[in-house]
Every structure is written in C-alpha cells, then in structure tokens.
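Visitor: Hi, could you walk me through this protein? I'd like to hear about the overall make-up, the rings and the helices.

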Amino acid sequence: MGTSDAERALAVARLVENDVAGIDVNMGCPKEYSTKGGMGAALLSDPDKIEKILSTLVKGTRRPVTCKIRILPSLEDTLSLVKRIERTGIAAIAVHGRTREERPQHPVSCEAIKAIAEILSVPVIANGGSHDHIQEYLDIQDFRQATAASSVMVARAAMWNPSIFLKEGLRPLQEVMQKYIRYAVQYDNHYTNTKYCLCQMLREQLESPQGKLLHAAQSSREICEAFGLGAFYEETTRELDARRAELLAKTPGEVEEPAEDTSGVIKMAVKFDRRAYSPQITPKMCLLEWCRREKLAQPVYETVQRPLDRLFCSVVTVAEQKYQSTLWDKSKKLAEQAAAIVCLRSQGLPEGRLGEESPSLNKRKREAPDQDPGAPSVQEPAMPGELCKKPFVALGSGQENPLEGL
C-alpha cells in the first residue's frame with residue numbers, strides 16, 4: 001500500500017488482512033502522484049512518520065508487515081534509517097539500490113544493499129537490478145549474491161520478458177507475446193492493459209511494422225490481428241458471447257432474487273460492469289425512460305460514502321419504493337447505476353445489457369437531432385445534474401448511516 005497516515009493504513013490493512021499473506025508499505029516510489037501526497041519516497045525524509053506507520057501496522061494486524069525503501073544519498077543515514085525500521089518489528093525490508101532522484105539509467109548500488117543486509121537480522125530483498133544485472137534467470141542469483149540479500153525482487157526485467165523465471169532460459173519474445181495475448185483474450189483483459197504490457201515487451205521494436213500496428217490498435221481484436229491471431233480472437237469471442245448469452249437468458253429471479261428488508265428497501269447484490277452494457281445505454285437511462293412512459297416522477301438517488309474505505313452506496317426511489325444494491329462501489333456514479341439495476345430487475349425491465357433491445361430509447365436517440373432544443377434529452381451527459389435529484393451524504397464518524405444493515 002501507499003500511505004502517509006498510520007491510522008488510515010491500519011484501517012485498510014484490517015479490511016484485507018483475511019485475504020492476503022502480508023502487508024507491504026511502499027516507501028520507495030518516486031513518482032509525483034505518490035510523493036505529493038506524502039507517500040512513497042516522500043516518507044524517506046520523515047523517519048518519525050515511517051516508524052509510526054510501521055509500528056501501528058505491526059501491532060494492529062495479524063499479518064507480517066514489510067516495507068520497501070530507496071537508499072539515501074548518505075550510506076550512514078541509510079543504515080541509521082533501516083536499523084530504526086527494523087526495530088518496529090517488520091518481517092522483511094526490500095531495498096531499491098537507487099536514491100529518490102535516480103532513475104533506471106543510473107547504476108544500482110549493490111554495495112549499499114549489501115551493507116544493509118550485513119547489519120540487519122531481518123531478510124533483505126534486493127531490488128533495482130533489471131537494467132544493469134538481470135538479463136536471464138541465472139542473473140537473478142548473481143544479483144542476490146552481489147548484494148548479500150535473502151532474495152531478489154524483479155520488476156522491469158519480468159515485464160520485458162516474463163519467461164525470465166524459467167530455469168531453462170528465456171523463451172523467444174514472439175512466443176511469449178502470443179501466449180500472453182491468448183490469456184488476455186480468454187480472461188477478457190481490458191485492451192488498454194494488454195496493449196501496455198505488450199509495448200513493454202516490444203520496447204525498442206515499437207517502431208517495427210508490428211510495433212506500429214500495436215501502437216495503433218484500439219481494441220483486443222486489432223491487437224490480435226497485429227499478431228496474426230485474428231482467427232483465435234473470433235473463435236474465442238464467439239465462445240465468450242455464447243456463455244454470456246446463456247447467462248443473460250436467465251430471468252432476473254434466477255440470477256439474483258430481490259429481497260425486501262424490514263425498512264421496506266428492495267435489495268440485491270449487483271454491480272454495474274460497463275463492458276456488459278450497450279455503449280450508448282445505461283441502466284439509469286432505461287429507468288428514467290420507463291418512469292417517463294409510466295408518467296411517474298423522476299428517480300431520486302440518495303448516495304452515501306463510507307469514511308473507512310471511501311466506498312459509495314446509493315438508494316433510488318421510484319414510485320415511493322426504494323431500491324438498493326448491497327455492494328459498495330468505488331464511485332458515486334457506479335453506485336447509482338447499481339441501484340437502478342436493482343429497480344429494473346425487480347420490475348423485470350430491460351436494463352441496457354448487450355443483446356437487449358430498448359426500442360423507445362433507440363427511437364429517442366435517433367430523433368434527438370430533430371427535437372426541440374428546449375426539450376429534455378436522455379443522453380447520459382445530461383443525467384448527473386439535470387434529470388435526477390441526487391442528494392449526496394458523506395458519512396462522518398458517529399453519524400447515523402441511513403443504509404445501516406448492509
């Protein structure tokens with residue numbers, strides 16, 4: 001985790017400690033998005049805060065706590081810092097052998113990592129060797145010995161060619177990329193992430209014909225075509241679409257039975273996944289259109305934010321009935337879409353999923369250019385502030401939660 005606050009770090013650690021093997025605090029990231037919040041490498045100039053964060057986590061969680069740092073300009077200051085870190089009770093420390101200001105083109109200091117490993121009793125994990133030292137599997141062991149570390153952390157070298165972990169040696173890059181693309185398609189990985197990882201593998205070959213095709217790709221299909229996997233993509237997506245259609249064919253009651261609690265709120269455990277819906281239609285749009293056809297008042301969304309993890313939950317009121325998803329979401333918009341889904345499913349109405357038809361919405365969109373400029377529109381950009389009343393409440397400590405019982 002990245003953190004600059006001990007109590008918030010502990011709150012997050014307790015949320016995940018039953019699902020992880022350990023808690024690690026990143027105190028080495030030099031990127032501005034991290035350091036401007038006092039996290040990452042910014043902590044290296046505040047040993048008191050480092051000690052408080054790690055001590056709080058060690059005492060407050062049931063999992064081993066580790067951290068990753070960068071070295072300081074002075075070896076003496078670095079050794080003083082790591083000894084102080086060790087006293088907090090951490091289980092291990094990872095050391096990137098560069099300072100906060102240095103980048104991959106600067107040489108990694110094996111000597112500094114070795115000096116740290118020799119004075120600490122906890123395991124030391126050496127990091128930063130990809131550029132200078134690690135080109136194949138055997139180099140990992142050489143880097144470990146050069147730093148006297150207990151183990152080695154590999155990042156960029158593994159992104160360049162994940163087969164670096166094969167004892168038999170590196171596999172040809174084209175073979176690795178093809179295998180990666182197949183996994184990405186089979187598990188519906190978002191194409192932007194697939195593209196990023198492939199660009200990391202191609203590196204200096206990005207200006208090749210294949211690299212240019214990859215750079216121009218705007219979908220998983222185009223990525224597959226760039227690597228000669230067009231037929232594989234078509235076959236795999238047909239299988240995935242068939243599986244999705246089978247699930248969509250189930251009635252809402254078969255997927256999730258709505259339940260009404262004692263407060264009168266109808267609840268279901270649902271989330272809004274944008275990929276499962278038509279590009280121009282959302283559940284909120286479908287619900288608004290249905291209310292218009294039935295001459296009902298517009299849906300009213302009430303959203304709260306949980307202070308512990310900053311997640312959101314929304315309740316939508318339609319015809320004096322409240323609907324809510326029991327799953328909390330990372331944004332207000334997603335929470336509102338989930339509430340709309342609960343309402344639509346409980347009414348047996350279309351919600352805009354792929355393969356569903358919503359003639360009135362499609363008709364309204366086609367007629368939009370000819371509408372009176374003053375007439376209301378159901379286009380999504382107008383939804384957030386103009387078509388629905390959506391009170392928002394940020395829950396403070398001690399404040400009653402209107403969504404209690406989740």
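Guide: Happy to; we'll start with the overall make-up and then turn to rings and helices.
Guide: This is a predicted model, where local features need pLDDT of at least 70, side-chain atom pairs count only at pLDDT 80 or more, and totals for chains, interfaces and linings use all residues. Residues are numbered from 1 along each chain as its sequence is written, and side-chain values use heavy atoms, with hydrogens and water left out.

Visitor: How many helices and strands does the protein have?
Guide: There are 17 helices and 11 strands, taken as DSSP runs numbered from the N terminus (helices are H or I with at least four residues, strands E with at least two).

Visitor: And what share of the residues is buried?
Guide: Of the 406 residues, 42% are buried. Buried means under 20% relative accessible area, exposed over 50%, and partly exposed in between, with a 1.4 Å probe and protein chains only.

Visitor: On to the rings. How many aromatic pairs are there?
Guide: The count is two aromatic pairs. Rings of Phe, Tyr and Trp (its six-membered ring) pair if their centres lie within 6.5 Å; planes under 30 degrees apart are stacked, over 60 edge-to-face, and the rest tilted. One pair is Tyr183 with Tyr187, tilted at 6.5 Å centre to centre and 35° between the planes.

Visitor: Why does Tyr183 count as partly exposed?
Guide: Because its relative accessibility is 45%. Tyr187 is exposed, at 65% relative accessible area.

Visitor: What about Phe272 and Tyr277?
Guide: They form a tilted pair too, with 5.0 Å centre to centre and 45° between the planes. Both Phe272 and Tyr277 are buried.

Visitor: Which residue lies over the face of Trp160?
Guide: Arg203 does, at 3.7 Å from the ring centre. The rule is NZ of Lys or CZ of Arg within 6 Å of the ring centre and within 35 degrees of the ring normal. Lys284 lies over the face of Tyr301, at 5.3 Å from the ring centre.

Visitor: Lys284 is in a helix contact as well, right? Which residues make it?
Guide: The axes of α14 (residues 283–293) and α15 (residues 332–347) come within 8 Å and cross at roughly 50°; axes are lines fitted to C-alpha atoms, for helices over the stretch in contact, with angles from 0 to 180 degrees between N-to-C directions. The contact (heavy atoms within 4.5 Å) includes Lys284 and Trp290 of α14 and Ala340 and Leu344 of α15.
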